[in-house]
Amino acid sequence: SSGSDEFYDIIDFNIGKTVELHGRVFKITDCDNFTRVFLNRLGIAVPDPIAMPADPYTQRREQAKYEIQPKKPTTKTDKLGQFLAMDGKVLCFTGYWDDRLTCDGDLHLLKVLYYLADDTIEVKDVTWKGQPYTLYKRAKLPKDFLGLKEPGVDSPFTVLNVLGSGTQKGRFLADSLNCGRSQVQYYRDNDLAIGTVVNVYGRRVVLTDCDPFTREYYRVKYGLEDMTPAQRPKTKAEEAVEPLPVPELPPHNGYGTHEDSAINCRTVFPFPPIKNYTQFFQKDKCGFDSHILRFGAQLMTSTVTDSCRP
């Protein structure tokens, strides 16, 4: 201690006490759990922690930090972690765009690709097999399309006023609070599901199915178990391939053969039945080999002259 040859003991260190070490005075405000338990076992009561006084210099620095407004506030978002974790992972949906109400329109079969690395969407038209084309190039897809925006609307920061002329001597003041900037809502992975209607710049794209990777992704992340594919209308090509229903033939009326009556029901201009040439070539005479069935018969009559005829 000061002014004597005595030394500090364990009972001199406790919460709330003042200790002078080499001319500097320290006040003890708290201790760890081991120290508290150790002193309690020795029979020394340890008070509750006391609050430390605030540092005036630190308070002035914190206050000055909020008063300073940068001229060019940064608006960039670091997405490197998302890119490294989700690079190469793509959600694949199948859907359609019904354009049959327009002149020469058709039902377009689409493939919607959602890239998890940067939250971008790409739409491809796969109506004609072997001839796909890109309907929407890979980019972020806004939910609401209100027309094409003018140049400078999507700028990272808003310029309030410009002083001077030219790019070298001119000065400008940026809006650090982004008061005049509109927030654009883009499609995310939680907005896509089977049966959802996606607005692709005015085109209503209906999602009908997805691949196994997409099913597993939504099951693990969002807990979706029911991913039943939805039904879609048929295209003009599919409707043309579908065969027409064949009408049933009426029962035979007894006049002529059944083949002749069937021909009269199938067409307005009757023609003889088509011969089975395959059977003709297989059963026709070949040299001395013949496929003719021969039977013997006798005329049963009471006339004497005809009874002897074979």
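Let's start with the chain as a whole. Of its 310 residues, 18% are buried. Keep in mind that this is a predicted model. The chain has eight helices and 10 strands. It exposes about 25200 Å². Carbon and sulfur atoms supply 56% of that area. Now take contacts between residues at least 6 apart in sequence. Among these, 42% join residues at least 24 apart.

Next, one residue in detail: D119. Where does D119 sit? Find the loop between β4, residues 107–115, and β5, residues 120–125; D119 is there. Is D119 buried or exposed? D119 counts as buried, because its relative accessible area is 8% and the cut-off for buried is under 20%.

What does D119 touch, apart from neighbours within four places in sequence? The list is Q82, Y114, K140, Y187 and R188. Let's take some of these partners in turn. With Y114, there is a side-chain to side-chain polar contact of 2.9 Å. With Q82, the side chains make a polar contact too, at 3.2 Å. With R188, the link is a salt bridge, 3.5 Å from N to O. R188 lies in the loop between β8, residues 171–175, and β9, while D119 is in the β4–β5 loop, so this pair ties together parts that are 69 residues apart in sequence. R188 itself is partly exposed, with 40% relative accessibility. So here a partly exposed arginine meets a buried aspartate.

One more point on D119: its backbone. Most residues other than glycine have a negative phi. D119 has a positive phi, near 60°, and is not a glycine.

Y201 is another case of this kind. Its phi is positive as well, near 50°, and Y201 is not glycine either. Y201 lies in the loop between β9, residues 197–200, and β10. Is Y201 buried, partly exposed or exposed? Y201 is partly exposed, at 33% relative accessibility.

Now, salt bridges. How many does the structure hold? The count is nine. You have met R188 with D119 already. Step back one place in sequence to D118. The D118 side chain forms a salt bridge with R138, 3.2 Å from N to O. D118 is in the loop between β4 and β5, and R138 is in strand β6, residues 133–139, so the pair ties together parts 20 residues apart in sequence. D118 is partly exposed, with a relative accessible area of 28%. R138 is partly exposed too, at 39%.

Another of the salt bridges joins R232 and E238, at 3.0 Å from N to O. R232 is partly exposed, at 32% relative accessibility. E238 is also partly exposed, at 31%.

On to a helix: α4, residues 212–222. Which of its residues are buried? They are T214, Y217 and Y218. Look down the axis of α4: these buried residues fall within an arc of 90°, so they line one face of the helix. What do they pack against? Their partners are two strands, β3, residues 90–98, and β10, residues 203–210. Now turn to the face of α4 that points away from the buried side. That face carries the exposed residues P212 and V220. So α4 has a buried face, because T214, Y217 and Y218 fall within that 90° arc. What follows the helix? G223 does, with a positive phi near 75°.

Last stop, the surface. Which residues make the nonpolar patch here? I10, I11, F34, F38 and L42 make it, and the patch covers about 510 Å². L42 is found in the loop between α1, residues 33–41, and α2, residues 56–67.

A quick recap before you look at the model yourselves. D119 is the buried residue in the β4–β5 loop, with a salt bridge to R188 and polar contacts to Y114 and Q82. Its neighbour D118 pairs with R138. Helix α4 has its buried residues on one face, and those residues pack against β3 and β10. The nonpolar patch includes residues such as F34 and F38. Try finding each of these in the structure.

Terms used:
Residues numbered from 1 in each chain as written. Predicted model: local features only at pLDDT ≥ 70, side-chain atom pairs only at ≥ 80, totals over all residues. Heavy atoms only, no water. Patch = residues over 30% accessible without salt bridge, like charges linked within 9 Å, V, L, I, M, F, W, Y side chains within 5 Å. Areas by Shrake-Rupley, 256 points an atom, 1.4 Å probe, with all protein chains shown as cover. Salt bridge = Lys/Arg side-chain N within 4 Å of Asp/Glu carboxyl O. Helix = DSSP H or I, 4+ residues; strand = E, 2+ residues; numbered from the N terminus. Buried < 20%, exposed > 50% of the residue type's maximum accessible area, 1.4 Å probe, protein only. Polar contact = N/O pair within 3.5 Å; in protein donor to acceptor, adjacent residues only side chain to side chain. Contact = heavy atoms within 4.5 Å. Arc of directions from axis to C-beta.
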